[in-house]
Amino acid sequence: MASYNDKEHFHSHLVINNIDLKRGKRIRIDPKDLECMRNINDETLLESDLNPIDNSYYEKLNNMIIEKHLFY
(Lines give C-alpha, C1' and ligand atoms only; values in the text may rest on other atoms or scores of the structure.)
Protein backbone atom coordinates (compact mmCIF):
# COMPACT_ATOMS: atom_id res chain seq x y z
CA MET A 1 0.00 0.00 0.00
CA ALA A 2 1.15 3.49 -0.82
CA SER A 3 -0.73 6.68 0.07
CA TYR A 4 -0.22 9.96 -1.74
CA ASN A 5 -1.25 13.59 -1.54
CA ASP A 6 0.26 14.60 -4.88
CA LYS A 7 -3.13 15.14 -6.59
CA GLU A 8 -6.11 17.30 -5.69
CA HIS A 9 -7.31 14.45 -3.49
CA PHE A 10 -5.52 12.15 -1.05
CA HIS A 11 -5.41 8.61 -2.44
CA SER A 12 -3.90 5.18 -1.88
CA HIS A 13 -2.66 2.49 -4.22
CA LEU A 14 -2.95 -1.16 -3.25
CA VAL A 15 -0.90 -3.70 -5.19
CA ILE A 16 -2.69 -7.02 -5.38
CA ASN A 17 -1.70 -10.25 -7.06
CA ASN A 18 -5.08 -11.35 -8.41
CA ILE A 19 -3.89 -14.82 -9.44
CA ASP A 20 -4.48 -17.66 -6.97
CA LEU A 21 -1.03 -19.21 -6.60
CA LYS A 22 -2.40 -22.72 -5.87
CA ARG A 23 -4.85 -22.96 -8.77
CA GLY A 24 -3.44 -20.40 -11.18
CA LYS A 25 -6.86 -18.83 -11.62
CA ARG A 26 -7.83 -15.18 -11.41
CA ILE A 27 -9.31 -14.02 -8.12
CA ARG A 28 -12.43 -11.91 -8.53
CA ILE A 29 -12.48 -8.80 -6.37
CA ASP A 30 -16.00 -7.55 -5.71
CA PRO A 31 -17.24 -4.38 -3.97
CA LYS A 32 -17.31 -6.11 -0.55
CA ASP A 33 -13.63 -7.01 -0.99
CA LEU A 34 -12.85 -3.41 -1.89
CA GLU A 35 -14.64 -2.21 1.24
CA CYS A 36 -12.58 -4.61 3.36
CA MET A 37 -9.38 -3.32 1.71
CA ARG A 38 -10.50 0.25 2.38
CA ASN A 39 -10.98 -0.59 6.07
CA ILE A 40 -7.51 -2.11 6.28
CA ASN A 41 -6.10 0.96 4.52
CA ASP A 42 -7.91 3.29 6.95
CA GLU A 43 -6.59 1.34 9.96
CA THR A 44 -3.05 1.50 8.57
CA LEU A 45 -3.31 5.25 8.02
CA LEU A 46 -4.63 5.77 11.56
CA GLU A 47 -1.74 3.71 12.98
CA SER A 48 0.60 6.11 11.15
CA ASP A 49 -1.19 9.17 12.60
CA LEU A 50 -2.76 9.99 9.21
CA ASN A 51 -6.42 10.65 8.49
CA PRO A 52 -8.35 8.07 6.48
CA ILE A 53 -9.54 8.99 3.02
CA ASP A 54 -12.93 10.72 2.80
CA ASN A 55 -15.71 8.10 2.68
CA SER A 56 -17.74 10.02 0.10
CA TYR A 57 -14.94 9.40 -2.39
CA TYR A 58 -15.17 5.64 -1.70
CA GLU A 59 -18.96 5.63 -1.97
CA LYS A 60 -18.77 7.24 -5.42
CA LEU A 61 -16.05 4.80 -6.49
CA ASN A 62 -17.99 1.78 -5.18
CA ASN A 63 -21.12 2.90 -7.04
CA MET A 64 -19.14 3.16 -10.27
CA ILE A 65 -17.71 -0.33 -9.74
CA ILE A 66 -21.13 -1.81 -8.97
CA GLU A 67 -22.57 -0.21 -12.13
CA LYS A 68 -19.70 -1.64 -14.17
CA HIS A 69 -20.39 -5.15 -12.78
CA LEU A 70 -24.11 -4.80 -13.55
CA PHE A 71 -23.73 -3.57 -17.13
CA TYR A 72 -20.76 -5.59 -18.40
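In the predicted model, Asp20 counts as buried, its relative accessibility being 18%. The value falls under the 20% limit that defines burial, and Asp20 is therefore assigned to the buried class. Asp20 is located in the loop that runs between strand β2, residues 11-13, and helix α1, residues 31-47. Its side chain takes part in two kinds of interaction. A polar atom of the Asp20 side chain lies 2.8 Å from the backbone nitrogen of Lys22. In addition, a salt bridge links Asp20 to Arg23, with 3.2 Å between the closest N and O atoms. The partner in this salt bridge has another environment: Arg23 counts as exposed, at 60% relative accessibility. The pair thus joins a residue classed as buried to one classed as exposed, since 60% lies over the 50% limit for exposure. When residues up to four places away in sequence are set aside, Asp20 touches Lys25 and Ile27.

The overall organisation of the chain provides the setting for these details. The chain has 72 residues, of which 14% are buried. Its secondary structure consists of 2 helices and 2 strands, arranged in the order β-β-α-α from the N terminus. The area exposed by the chain is about 6300 Å², and 52% of this area is supplied by carbon and sulfur atoms. Of the contacts between residues at least 6 apart in sequence, 34% join residues at least 24 apart.

Confidence varies along the chain. The mean pLDDT is 79, and 85% of the residues reach 70 or more. Helix α1 has the highest confidence, with a mean of 86, whereas confidence is lowest in helix α2, residues 55-71, with a mean of 68.

A search of the whole structure yields 2 salt bridges. One of them is the pair of Asp20 and Arg23 described above. Another is formed by the side chains of Asp42 and Arg38, with an N to O distance of 3.6 Å. Asp42 and Arg38 both belong to helix α1, where a separation of 4 residues places them about one turn of the helix apart. Both of these residues are buried.

Helix α1 also contains Thr44. The side chain of Thr44 reaches the backbone oxygen of Ile40 at a distance of 2.9 Å. Thr44 counts as partly exposed because its relative accessibility is 29%, a value between the limits of 20% and 50%. Although 43 residues separate Thr44 from Met1 in sequence, their C-alpha atoms are 9.2 Å apart in space.

Met1 also features in the surroundings of strand β2, which includes His13. The C-alpha atoms of His13 and Met1 are separated by 5.6 Å, with their positions 12 residues apart along the chain. Apart from its neighbours within four places in sequence, His13 is in contact with Met1, Ala2 and Tyr4. His13 has a relative accessible area of 42% and is therefore partly exposed.

Met1 is, moreover, one of the residues that make up a nonpolar surface patch of about 270 Å², together with Leu14 and Ile16. Ile16 lies in the loop between β2 and α1, the loop in which Asp20 is also found. With a relative accessible area of 42%, Ile16 is partly exposed, whereas Asp20 is buried at 18%.

The loop between α1 and α2 contains Asp49. This residue has a positive phi of about 60°, although Asp49 is not a glycine. Asp49 is exposed, with a relative accessible area of 74%.

Note on methods
Residues are numbered from 1 along each chain as its sequence is written. This is a predicted model: local features need pLDDT of at least 70, side-chain atom pairs count only at pLDDT 80 or more; totals for chains, interfaces and linings use all residues. Side-chain values use heavy atoms; hydrogens and water are left out. Buried means under 20% relative accessible area, exposed over 50%, partly exposed in between (1.4 Å probe, protein chains only). A polar contact is a pair of N or O atoms within 3.5 Å; within protein, one must be able to donate a hydrogen and the other to accept it, and residues adjacent in sequence count only if both atoms are side-chain atoms. Contact means heavy atoms within 4.5 Å. Patches are made of residues with over 30% relative accessible area and no salt bridge: like charges are joined within 9 Å, nonpolar side chains (Val, Leu, Ile, Met, Phe, Trp, Tyr) within 5 Å. Accessible areas come from the Shrake-Rupley method with a 1.4 Å probe; for residues, only the protein chains shown count as cover. A salt bridge is a side-chain nitrogen of Lys or Arg within 4 Å of a carboxyl oxygen of Asp or Glu. pLDDT is the predictor's confidence in each residue, from 0 to 100.
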